[in-house]
Amino acid sequence: MRRQDVHVVFAIDERYARPAVVTGHSVRRNLRDDGTRLVFHVIDSGLTDDGRKLVTDGLAAEGEVELHTVADPLVMEVRRKWWTDAALGRLHIGTVIPAGIPRVVYLDADTLVLDDLTELLAEDLKGNAVGAGLNEVGPARSLTFSGGRAQQHQTGALPPGHFNSGVLLIDMDRWRAERATERAAELHRTYGRDLPNIDQDVLNHVFAGRWTPFPEKWNKLIEHSVHGIFGNGRMDYLTRPEGIVHYIGEAKPWHDAFPDNPLRRLYEEYAFAVAR
């Protein structure tokens, strides 16, 4: 039986060059079959020459690396939180991923993969282009449009709700058939100044009511609407060696502001393995 290839997509700038290598190491380390072909697709969203070398050399230790550039990349008109234009890089997936690749997993570079990604790639998308996890800190957000402006609401999302865009399982044929990249780019260029969650708001509108939830373990968010930040109240669940842990929030586990807790120590375990 032919092994399944694993294609992972990052969209990063200089700030996430080293974290992307750590995430890539976590992908390879937890594939059960050492012979699985692993390909990293890196959408260059602001890397310097040094950053490109760091990423390509670091990821090459784990699998194959393809670096992609975008001729006319999307940019933010209005700066949001700590995010940069790199957050919009994932919207270009339809134009940079080569034809013939059936599925990819997009990963934010503040994730650790603690499980075999071939399991996620095998999830049934039920005819939809995208599989994702519900955004626990805003599960029902929606957009309305009036007078050339957009407004976000905390309610109103079509079932199954508002997803987090940091881990995406994508059927590339369906994505292209629905012109998802083109529609996302048009929506951002028209209304991006009004969207507080930038790419996530765009993708949720493009795929409203037409995305498939995958098991919660594949995007374990360290912030929660009830338990708060840094994994409070859910540490055993978040650090359990399964799925993907997603270090959302401004303070990352490589920052001094992140507390010394099991989540930080879990990240350091993978980061130290890369640094050796």
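**Close-up views of a predicted model**

**View 1. Asp13 is buried, with a relative accessibility of 8%.** The model shown here, as in every view, is predicted. Asp13 counts as buried because its value falls under the 20% cut-off. Its salt-bridge partner is Arg15, and the closest N and O atoms of the pair are 3.9 Å apart. Is Arg15 buried or partly exposed? Arg15 is partly exposed, at 43% relative accessibility. The pair is one example from a longer list: the whole structure holds 24 salt bridges.

**View 2. A salt bridge joins Arg189 and Asp72.** The N to O distance is 3.3 Å. Arg189 sits in helix H6 (residues 180-191), while Asp72 sits in the loop between strand S3 (64-68) and helix H3 (93-96), so the bridge ties together parts 117 residues apart in sequence. Arg189 is partly exposed, with 46% relative accessible area. Asp72 is exposed, at 52%. The cut-off for exposed is over 50%, so Asp72 passes it.

**View 3. Within helix H9 (residues 262-275), look for Arg264 and Glu268.** The two form a salt bridge, with their closest N and O atoms 3.0 Å apart. How many residues separate them along the helix? They are four residues apart, about one turn of the helix. An α-helix has 3.6 residues a turn, so residues three or four places apart point the same way. Arg264 is buried, at 13% relative accessibility. Glu268 is partly exposed, at 23%. Elsewhere, salt bridges with shared partners link Arg32, Asp115, Asp116, Glu119 and Lys217 into one network.

**View 4. Helix H7 (residues 198-206) is largely enclosed by the rest of the structure.** Why is H7 described as largely enclosed? Because eight of its nine residues are buried. They are Ile198, Asp199, Gln200, Asp201, Val202, Leu203, Asn204 and Val206. These buried residues pack against three strands and two helices. The strands are S7 (142-146), S8 (149-153) and S9 (163-171). The helices are H5 (172-177) and H6.

**View 5. The largest nonpolar core has 36 residues.** Which members touch the most other members? They are Ile93, Ile97, Leu168, Trp175 and Phe207. Several elements give two or more residues to this core: strands S1 (6-12), S4 (103-107), S6 (130-134) and S9, and helices H3, H5, H6 and H7. Helix H6 gives the largest share, five residues. Now find Leu168 and its contacts. Leaving aside residues up to four places away in sequence, Leu168 touches Val104, Val105, Tyr106, Val130, Gly131, Ala132, Phe163 and Leu203. A second core, separate from this one, has 29 residues, among them Val55, Leu107, Leu125 and Phe214.

**View 6. Helix H1 (residues 17-29) packs against H9.** Two packed helices are described by the angle between their axes and the distance between the axes. Here the angle is about 95°, and the axes are 9 Å apart. Angles from 65 to 115 degrees count as roughly perpendicular, so that is how H1 and H9 are described. On the H1 side, the residues that meet H9 are Pro19, Val21, Val22, His25, Ser26 and Arg29. On the H9 side they are Tyr267, Glu269, Tyr270, Ala271, Ala273 and Val274. Sorted by class, this contact has eight nonpolar, two polar and two charged residues.

Conventions
Residues are numbered from 1 along each chain as its sequence is written. This is a predicted model: local features need pLDDT of at least 70, side-chain atom pairs count only at pLDDT 80 or more; totals for chains, interfaces and linings use all residues. Side-chain values use heavy atoms; hydrogens and water are left out. A salt bridge is a side-chain nitrogen of Lys or Arg within 4 Å of a carboxyl oxygen of Asp or Glu. Buried means under 20% relative accessible area, exposed over 50%, partly exposed in between (1.4 Å probe, protein chains only). Contact means heavy atoms within 4.5 Å. A nonpolar core is a set of buried Ala, Val, Leu, Ile, Met, Phe, Trp, Tyr and Cys residues joined through side-chain atoms within 4.5 Å. Axes are lines fitted to C-alpha atoms, for helices over the stretch in contact, and angles run from 0 to 180 degrees between N-to-C directions. Angles under 35 degrees count as roughly parallel, over 145 as roughly antiparallel, 65 to 115 as roughly perpendicular and the rest as oblique. Ala, Val, Leu, Ile, Met, Phe, Trp, Tyr, Cys and Pro count as nonpolar, Asp, Glu, Lys and Arg as charged, and the others, Gly among them, as polar.
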